[in-house]
Amino acid sequence: MLAASGSAIGLGNVVFFGSNAYAYGFGAFYLPYLVALFLVGIPVLVSELGLGGLTQQAFPPSLARAGGRWGEMAGWWALLNASFITMYYVTILAWVCGMFVGSFGPLFTAETATPGYAAESMGNPQGFFFHMISSPWVVGLVVVMWMLNLVIVRRGVTSIEPVVKVFVPLMWIFMIVLIVRGLTLEGGPQGVYLLFTPDFAIMGDPAVWRGAVSQIFFSLTLGFGVMTAYASYLPRNSDQINNGLVTACLNCSFEYIAGLAIFSLLFAFAIVPSAGTLSMIFFVVPAGIAAMPAAVKLFGLLFFLLLVMAGLSSSISLIEGLNCAIIDKFGWSRRRTILLTGVVGLVGSVAFALPQVIDPELQSTGTLGFTLINLVDHWAFQYGLLIVGLVECLMIGWGLPIERLREELNRNSRFRLPPAFDWLIKLVIPTLLAFVLVTSVWQEIASGAIYGWAPQLTLGRALPVACFLVWLLGSLAVAAWFTLRPAAPTPDAAAAGAPLGSRGETPGA
Amino acid sequence: MPAPSLRTALAGLLPALLVAAAAGAAGTAEPPAPALELAIADERPLRAEPVRITVTAGGAPAAGAVVEAIYRPNSSTTYREALPPADSSGTLFWTPRDAGPVTLEARPGGAGGPPTAPETAPATGPPATSLVVAVRYPGFPPSGLAIMLLAGGLLFGGAVVGFVMLLSGPRAVVPTGEPPST
């Protein structure tokens with residue numbers, strides 16, 4: 001059980017869950033999140049796993065079985081949208097690594113000068129965090145993280161498994177320690193009330209539902225092509241329904257306990273994010289660790305080391321999803337594919353780590369890199385994943401068709417999906433996702449300005465427009481190009497039963 | 001009469017500029033107004049229970065100071081509430097509407113002025129001072145307790161059921177026709 005939980009846990013369960021739960025109103029977020037898990041998340045997860053098991057291929061060719069050329073293009077677009085997220089995921093992983101390094105030094109004790117900001121000396125951990133992300137050495141950390149990722153991917157994603165089996169289960173124990181610490185602080189239990197108590201007035205806002213569904217997609221790695229690629233490596237008779245159920249429940253159980261820890265500490269210390277909510281976890285958890293009765297530095301080091309390991313185990317699977325698709329389509333060698341995705345990914349991650357301070361007042365997100373993350377996250381995370389979910393449900397539901405997929409899934413599982421599952425994929429989920437997307441787009445239009453428009457800031461006009469155009473048009477253009485390129489005559493697609501992450505390996509390599 | 005040379009003109013202008021600069025410096029040499037300070041009777045006030053806020057400047061009451069409460073600051077669901085101006089003793093009362101983190105921002109009276117509608121209070125100029133407080137629920141809300149138990153039961157229960165199924169004996173294979181054409 002502990003080993004299986006290792007593959008499900010990453011930064012999404014701690015950094016992104018905390019960020020989204022805060023951003024969308026705590027209890028107003030959690031109930032939609034729970035509904036989204038059972039109504040959308042688990043069915044789509046089972047469908048993605050079933051698709052991979054059925055076709056034994058990566059996401060684009062799998063969707064091509066359902067939707068032809070348009071299906072393949074949707075698959076490539078999904079992977080490219082996921083690539084944007086992967087790029088800033090690695091940057092945030094580098095921040096985690098920076099906090100790990102900082103744990104050796106002043107992170108939990110002294111104040112740190114934060115040059116470039118209006119408040120030049122912020123209390124730690126905020127001071128350390130903003131000092132770090134506005135220092136050139138964070139770019140070096142990004143390079144280190146990419147090197148680590150590529151080495152692991154090159155050696156095969158299973159090569160990190162022994163480490164993950166040890167480190168990630170420790171995250172459970174660590175989170176439980178943090179819960180105990182949080183709940184025993186004055187006001188700590190109030191954070192738990194805050195996380196779970198629904199606020200129906202706020203829940204009427206479609207943006208809350210968008211955030212909740214996006215979090216479920218991200219947390220379960222849906223719409224990334226990863227689950228389909230992963231299932232394509234497994235034997236065709238694997239029990240994908242049970243795999244999906246266990247993965248989803250373990251993943252969200254961890255988010256449950258992470259939420260208890262984060263929000264009890266948040267309330268006890270009355271902390272609010274100083275910039276984008278993605279930075280929140282870097283303030284809240286260290287504040288809780290600093291309040292430990294003993295071994296503060298040890299706890300801090302352990303927490304950030306565990307988070308780095310959990311993040312690495314997830315980032316390699318994100319990278320592997322794209323690699324798998326490129327190898328399947330073009331028949332490239334694994335080395336060549338890793339080189340391509342590595343160089344492009346590194347450039348993107350460095351852009352998301354650019355340390356120039358463009359917002360000294362921290363009214364927005366401070367540095368140029370963090371601002372880029374905030375803007376791209378809005379489109380790729382909040383919209384991109386839902387668009388992919390909508391398109392894949394329609395294609396799997398109507399194009400495959402879903403009845404055949406359900407039969408295949410039921411054949412290999414102890415659970416039996418009822419016929420209602422077909423209509424869930426065909427109609428209910430697409431309707432829900434379309435509603436959330438359309439109302440959100442309407443809200444964007446009604447606001448009168450593109451997301452992130454901040455004329456008072458340096459580049460506050462150009463960046464929001466540029467990010468939107470690069471995300472949408474750039475990814476569509478590359479997806480079309482990938483689709484229209486001829487496939488290799490003998491794609492290395494028949495990798496069923498081969499070791500995970502071994503596509504594109506030449507014999508003996 | 002010949003026109004004055006550039007050097008003569010500059011020689012006349014320089015003393016004038018120096019005098020003007022000195023006058024300007026004298027004009028800005030007034031001591032800055034003391035910064036506002038916010039204090040609250042209870043740093044974890046209860047929702048729907050009035051709490052006393054005191055605004056001072058250099059230890060003296062800041063009569064007329066304007067305070068705003070920003071609920072869930074820096075989130076997508078944030079909103080502002082303008083509080084009544086501080087009285088002559090620098091005191092005002094606030095009844096929190098929602099539980100959770102709230103930033104209280106105080107500005108000197110007249111700086112931005114009290115907004116006409118609490119929900120549309122403009123953020124004019126940097127705040128003189130701010131204070132983050134965590135507003136408590138009066139008790140554990142039953143709906144929160146129900147969702148916490150439901151979520152815990154579903155998530156941990158689902159994981160346990162899944163593992164039991166995985167670890168139990170061989171699965172019953174149900175023949176259901178041909179596999180999909182691939």
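This text walks through two helices of chain A and then the make-up of chain B. The model is a predicted one.

Start with helix H15 of chain A, residues 334–351. The helix has 18 residues. From first C-alpha to last, H15(A) reaches 26 Å, close to the 26 Å expected at 1.5 Å a residue. Several of its positions are buried. Among them are Arg334(A), Thr337(A), Ile338(A) and Thr341(A). Further along come Gly345(A), Gly348(A), Ser349(A) and Val350(A), also buried. The spacing has a general background. An α-helix has 3.6 residues a turn, so residues three or four places apart point the same way. What covers the buried residues of H15(A)? The cover includes three helices of chain A: H4 (59–104), H6 (137–155) and H14 (296–330).

Next is helix H16 of chain A, residues 368–399. H16(A) has 32 residues and reaches 43 Å between its first and last C-alpha atoms. That is close to the 46 Å expected at 1.5 Å a residue. Where is the kink in H16(A) centred? The centre is Asp377(A), and the kink is about 35 degrees. Burial here is extensive: 29 of the 32 residues of H16(A) are buried, so the helix is largely enclosed by the rest of the structure.

Now turn to chain B. Its secondary structure comes to two helices and eight strands. Along the sequence, a helix leads, the eight strands follow, and a helix ends the pattern: α-β-β-β-β-β-β-β-β-α. Chain B has 182 residues, and 27% of them are buried. Consider its contacts with a separation of 6 or more. Residues 24 or more positions apart account for 67% of these.

Terms used. Residues are numbered from 1 along each chain as its sequence is written. Chains are lettered from A and ligands numbered from 1 in the order in which they are written. This is a predicted model: local features need pLDDT of at least 70, side-chain atom pairs count only at pLDDT 80 or more; totals for chains, interfaces and linings use all residues. Helices (H or I, at least four residues) and strands (E, at least two) are DSSP runs, numbered from the N terminus. The expected span of a helix is 1.5 Å times one less than its number of residues. A residue is buried if 20 or more other C-beta atoms lie within 10 Å of its own, exposed if 12 or fewer, and partly exposed in between; C-beta atoms are placed from the backbone. Two residues are in contact if their C-beta atoms, placed from the backbone, lie within 7 Å. The bend at a residue is the angle between axes fitted to the seven residues ending there and the seven starting there.
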